There are 2 protein chains.
Amino acid sequence: MGPKGKAIYRAALEHWMTEREPGGPTGPGATVFIGTKPTMTYVFQVVAQLNSGIAPVVIRARGNAIGKAVDVAEVVRRRFLEGQVTVGAISIDTERLTNREGRDANVSAIAIPLTRTGPGPTAPAAPPG
Amino acid sequence: MGPKGKAIYRAALEHWMTEREPGGPTGPGATVFIGTKPTMTYVFQVVAQLNSGIAPVVIRARGNAIGKAVDVAEVVRRRFLEGQVTVGAISIDTERLTNREGRDANVSAIAIPLTRTGPGPTAPAAPPG
């Protein structure tokens with residue numbers, strides 16, 4: 001595959017990875033897929049979602065992007081929303097993909113759920129009763 | 001840094017990453033650090049530890065090796081010890097390191113605890129009573 005093919009492949013991958021599941025797979029949450037953009041791009045996406053009251057925000061990545069997913073979660077909870085975010089149960093998995101040569105390949109995946117627990121800029125918790 | 005410096009740095013890193021904590025940080029377990037060797041090298045280390053009855057075996061990695069740590073865990077539990085391994089609570093963290101230029105840098109880290117639950121080749125569970 002030449003540089004042009006690589007660019008097309010990367011664009012397709014990027015498109016796929018930045019798509020979001022409207023409601024998230026588990027209901028009211030949201031999913032942010034980690035791709036090839038800079039780490040801070042995803043950090044801002046996650047912070048924006050958490051600030052809008054969505055919970056949990058699940059950071060998902062496959063293959064090479066797994067390390068970046070951990071970076072995103074750590075930057076969000078230690079720099080931007082320090083003490084205001086809880087990391088949920090992190091899960092790992094294997095997905096079977098058809099790669100660019102048409103062959104099946106196994107790729108590892110990670111899902112890191114973040115929930116905002118501290119005071120957000122939006123709607124404080126309703127009083128009991 | 002030239003290629004020779006890089007090789008020395010890599011060797012030092014490799015040495016550090018393949019060291020083991022004798023008893024593991026949590027007591028009776030063991031730790032396998034993921035470095036730059038092939039994935040299967042670490043898979044065999046983890047399988048050997050689990051087969052010897054050690055639990056939990058904690059797979060640890062930092063930075064670029066985080067994706068490989070997930071690969072190792074997935075290959076162990078889906079190919080080599082299918083249905084016999086439970087993944088514990090995965091934790092992520094940030095460590096502060098002094099890098100090769102002498103500057104401090106933050107690096108993400110992951111810890112994946114694996115416990116053997118199925119029948120192992122060693123000591124079956126003692127009968128009750």
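## Confidence

Start with the weak spot: residues 14-26 of chain A keep a pLDDT under 50, and for that stretch the model has 26 contacts beyond four places in sequence. Where pLDDT is low, predicted coordinates shouldn't be read in detail. So treat those contacts over residues 14-26 of chain A with that caution.

This is a predicted model, and chain A as a whole comes out with a mean pLDDT of 81, with 71% of its residues at 70 or more. For the complex, the predictor gives an ipTM of 0.73 and a pTM of 0.74.

## How much gets buried

Chain A puts 16 residues in contact with 16 residues of chain B. About 1300 Å² is buried between chain A and chain B, and carbon and sulfur atoms give 61% of that area. On the chain A side, Val70(A), Ile90(A) and Ile92(A) supply 40% of what that chain buries against chain B, more than any other three residues.

## Polar links and who makes the surface

The rule picks up two salt bridges across the interface of chain A and chain B. Asp93(A) pairs with Arg78(B) in a salt bridge, with their closest N and O atoms 2.8 Å apart. There are also 10 residue pairs in polar contact across the interface, both partners at pLDDT 80 or more.

Which elements of chain A each supply at least two residues to the side that touches chain B? They are helix H3 (66-80), strand E4 (91-98) and strand E5 (104-116). H3(A) has the largest share, with eight residues. Sorted by class, that side of chain A holds eight nonpolar, three polar and five charged residues.

Terms used
Residues numbered from 1 in each chain as written. Chains lettered and ligands numbered in written order. Predicted model: local features only at pLDDT ≥ 70, side-chain atom pairs only at ≥ 80, totals over all residues. Heavy atoms only, no water. Contact = heavy atoms within 4.5 Å. Buried area = accessible area lost by both parts, 1.4 Å probe. Salt bridge = Lys/Arg side-chain N within 4 Å of Asp/Glu carboxyl O. Polar contact = N/O pair within 3.5 Å; in protein donor to acceptor, adjacent residues only side chain to side chain. Helix = DSSP H or I, 4+ residues; strand = E, 2+ residues; numbered from the N terminus. Nonpolar A, V, L, I, M, F, W, Y, C, P; charged D, E, K, R; others polar. pLDDT = per-residue confidence, 0-100.
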